[in-house]
Amino acid sequence: MARQEAKKDVVIVGLGWTGAIMGIELAQEGLEIVALERGHDQNTVPNFQYPNMIDELKYGVRLKMMQKPSQQTVTVRRNEGETALPYRSLGSFLPGNGVGGAGTHWNGLNWRPQAEEMRLRSYIAENWGEQIIPEDMTIGDYPVTYDELEPFFARFERVAGISGTAGNIKGELREGGNPFEGWRSEDYPMPAMPSTWDGVKFAEAAKAAGYHPFPSPGGIASRAYVNEYGMQMGPCNHCGFCERYGCFQYSKSSPQTAILDRLKQYPNFSYRTESEVLRVEMAADGKTATGVTYFDEKAGEEVFQPADIVILATYQLNNVHLMLLSGIGQPYDARTGEGVTGKNYGYQMNGGVTMFFKDEHFNPFIGTGANGFCIDDFGMNNIDYGAEGFIGGAYWRSGQTNGQPIRSMPLPSGTPTWGAGWKRAVGEWYGHAMSIGAHGSCMSYATNHLDLDPTYTDRHGRPLMRMTFNWNANDIRQTQFMKSKMEPLAQSMNPDLMQSSFKKEGAQYDVRPYQTTHNTGGHIMSATPDTGAVNRYSQAWDKHNVFALGAGNFVQNTQYNPTGLVGGLAYWTAHAIRTQYLSNPRPLV
Amino acid sequence: MTDLPGFPSRRSFLKASAAGVAISGFALAATAQPAPPIQLDQYQPVFFTDAEWAFVLAATARLIPSDGDGPGAIEAGVPVFIDRELTGDFGTAVDWYMQGPHNAAADPLLGWQTPLTPAQIYREAIPAVNAWCEQTHGAIFADLAPDQQDTVLTAMQEGEVELAPEIRDFFKILLQNTKEGYFADPIYGGNAGMAAWAYIGFPGARAAYKEWVGRHNIAYPLGPVSISGDRA
């Protein structure tokens, strides 16, 4: 029999970005709130302090800030015919762990989606006709528009402290910003960060080619900043330890720098760490949740936490897992296309070019996660899908994030991987290379989905979640298109040597090399209960007091890094709960 | 100096000691007190047996050789690093999902599927490679000439040394660990004197470059510092 805690108004599962946002917004309503965090507690001091955080082996390679597969992981297969095997050690994607979640160890790249991406199916139908959408491509329109979300994107950017140069303020194009972005009601809260040499070289070449370079937008403070909660950021010193690390000097935007210390001051908010939620419990009628059962690591026992509202704010994969385990939404069946939970799992299709300049000095250790310049000339709203034969787009960026030598050691292709030749090459080429990356879209397909694994279980005996995912020919055509455009631009920069890395036709998903932690979908938003697991307010269609936040809501992934949309949707949902739900709890659609 | 069984080259070892002295002398001029360099011949492995240690010394000495500019794996203390890693969280796969059933022969693209931990792979693979060397070249790996050792390592990398699926990734793991020990902070036993960082021009844990962001295409002038505050 599980121990039972005193009832709360709200239980939040997971204390990362979305959990912290929901916590502070609902705490302002005077609600009694408890957040349950699977991992450990952590804060800038003492956990991210200099010099111990500046440790590539511990954090960059051994991944000590990440989710431990021994505690939680998935199984992976590329198609229905394959037997899924556990993702035993981390490679392709790196979910976070502990208070702050992945929001502590991200690079800080913060984007809004394009308006066209939010209504992709309609945008295609209007311009080329729906018949160009392949049959197995399950893309749709988000049931909420860019215009509706705009104030919430702006709010998240103000809270998180984003630096950048606006390209479109209320429809008026601004020199130096991204002319292809959606409209903004206001400029970025902070001016753009300065760029290192690689980004500037890229921007000059892009401009000469007729493209429209602009500084990368990021949650990296370009100056001292105080947000609406009174949380303070200090200007970044370009230490080159963003991704996979906590920021030691309050410069990278995170739940710790933007929200948590203020949230902890609310007497009606509390949080418990080492508290792993096992399932959401349901009322007898099945129409509402009664709370959650979690495993209290310190006590070594299961605990029932009753609550009137359940907020699922864990990482995308873990949210979908909890929903499948708890019977929230009918599980998606890839053979019939019926069901909703686990549907439209998405990822990201990236590629790039590396250039070597033997007489130039890039000092690659000087960097931030959101360094450099971008172009959006090949973005989703700039591609003629009908003519090019694929649906998708990519933004390009050049800007070094780190020069950590175990992992960041680009060498000319053909260089020996060991021996005298390798040793000579690391001496010769370290610091003399730069790259351009294409960060591309990955559409939703009937074949890419999430369900429960029939064989493997976690330490609590729960089935692991099974990921069925492979690269699709449409997205490979997208990345090959980027290659055809990027190589001539790189060539125009006259490198001594250059090499490309883009997926080719027939590429199979490989879980070993790091690719991106932009896992999306699985509890997508939908206009009707039969097409997605949650409505436009992230409210479970079939359990009105359960709200599921995060990138699981994405109908299809965007071409951008997901945090801006995740943060915007969290504020949108918080607003709906505050203004519509609390006074009259019910299905909001 | 004690004789190390199968140690490939006394010359490179002498060079390592000399490098150690040179680094100590330089660092003493700085304010921080340097950690004394680990003497490989006096190091008592925690994980490796004598035979395994001889293999690791010999193999890492070929993976990053001592000749030419920059330290080799031996001068950098890479074998010490690997020995320590294998007794820790990495060697015992403590963070990984290790429950069965296992399919060690699965498509490599599906990642780590062997039931063995990294430490167990070293333990099982070293005798298997030595047996292959005896059969093919008439001696265990550590007793082969350097060019024969290179031939064996190439054969391992190309999958020509047949290893059971459970240990098939041994070469990849050994090479990865060797590079980690070369470039990780010296607190882990490798990268002695930060000589590998100094060689390539990585400033280590300096982590403060605000005034350098805008200085484009100019080589950064300062040498590395370590987490424990040493300078090189």
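Hi everyone. Let me start with one term: a residue is called buried when its relative accessible area is under 20%. Keep that in mind as we look at this structure, which is a predicted model.

First stop, A:Thr196. Is this residue buried or exposed? Its relative accessibility is 3%, and because buried means under 20%, A:Thr196 counts as buried. You can find A:Thr196 in chain A, in the loop that runs between strand 7, residues 172-173, and helix 8, residues 197-208. What does its side chain do there? The side chain of A:Thr196 makes a polar contact with the side chain of A:Asp198, at 2.6 Å. Leaving aside residues up to four places away in sequence, A:Thr196 touches A:Ile366, A:Asn371 and A:Gln400, and also B:Val213 and B:His216 from chain B.

Let's stay in chain A and turn to a sheet. Four strands make up an open sheet here, in the order 5-4-21-20, and their pairing is mixed. Which strands stand at the edges? They are strand 5, residues 85-86, and strand 20, residues 449-457; each has a single partner strand, so one side of each has no neighbour in the sheet. For strand 20, have a look at how it joins strand 21, residues 463-468: the two run antiparallel, with 5 bridges between them. If you want a pair of residues to find on screen, A:Asp451 stands opposite A:Arg466, which belongs to strand 21.

Now over to chain B. How many helices and strands does this chain have? The count is 8 helices and 0 strands, so to speak α-α-α-α-α-α-α-α when you read the elements from the N terminus. Chain B has 232 residues, and 52% of them count as buried. Among its contacts with a separation of 6 or more, 60% come from residues 24 or more positions apart.

I'd like to finish with two of those helices, helix 4, residues 78-87, and helix 7, residues 170-183, both of chain B. They pack with their axes 8 Å apart, at an angle of about 115°. Angles of 65 to 115 degrees count as roughly perpendicular, and that is therefore how helix 4 and helix 7 of chain B stand to each other. The crossing of helix 4 past helix 7 in chain B is right-handed. Which residues meet there? From helix 4 of chain B we have B:Val78, B:Phe81 and B:Ile82, and they meet residues of helix 7 including B:Leu174, B:Asn177, B:Thr178 and B:Tyr182.

Thanks for listening!

Note on methods:
Residues are numbered from 1 along each chain as its sequence is written. Chains are lettered from A and ligands numbered from 1 in the order in which they are written. This is a predicted model: local features need pLDDT of at least 70, side-chain atom pairs count only at pLDDT 80 or more; totals for chains, interfaces and linings use all residues. Side-chain values use heavy atoms; hydrogens and water are left out. Buried means under 20% relative accessible area, exposed over 50%, partly exposed in between (1.4 Å probe, protein chains only). A polar contact is a pair of N or O atoms within 3.5 Å; within protein, one must be able to donate a hydrogen and the other to accept it, and residues adjacent in sequence count only if both atoms are side-chain atoms. Contact means heavy atoms within 4.5 Å. Two strands pair if DSSP finds at least two bridges between them. Axes are lines fitted to C-alpha atoms, for helices over the stretch in contact, and angles run from 0 to 180 degrees between N-to-C directions. Angles under 35 degrees count as roughly parallel, over 145 as roughly antiparallel, 65 to 115 as roughly perpendicular and the rest as oblique. A crossing is left-handed if the near helix is turned anticlockwise from the far one by less than a right angle, and right-handed if clockwise.
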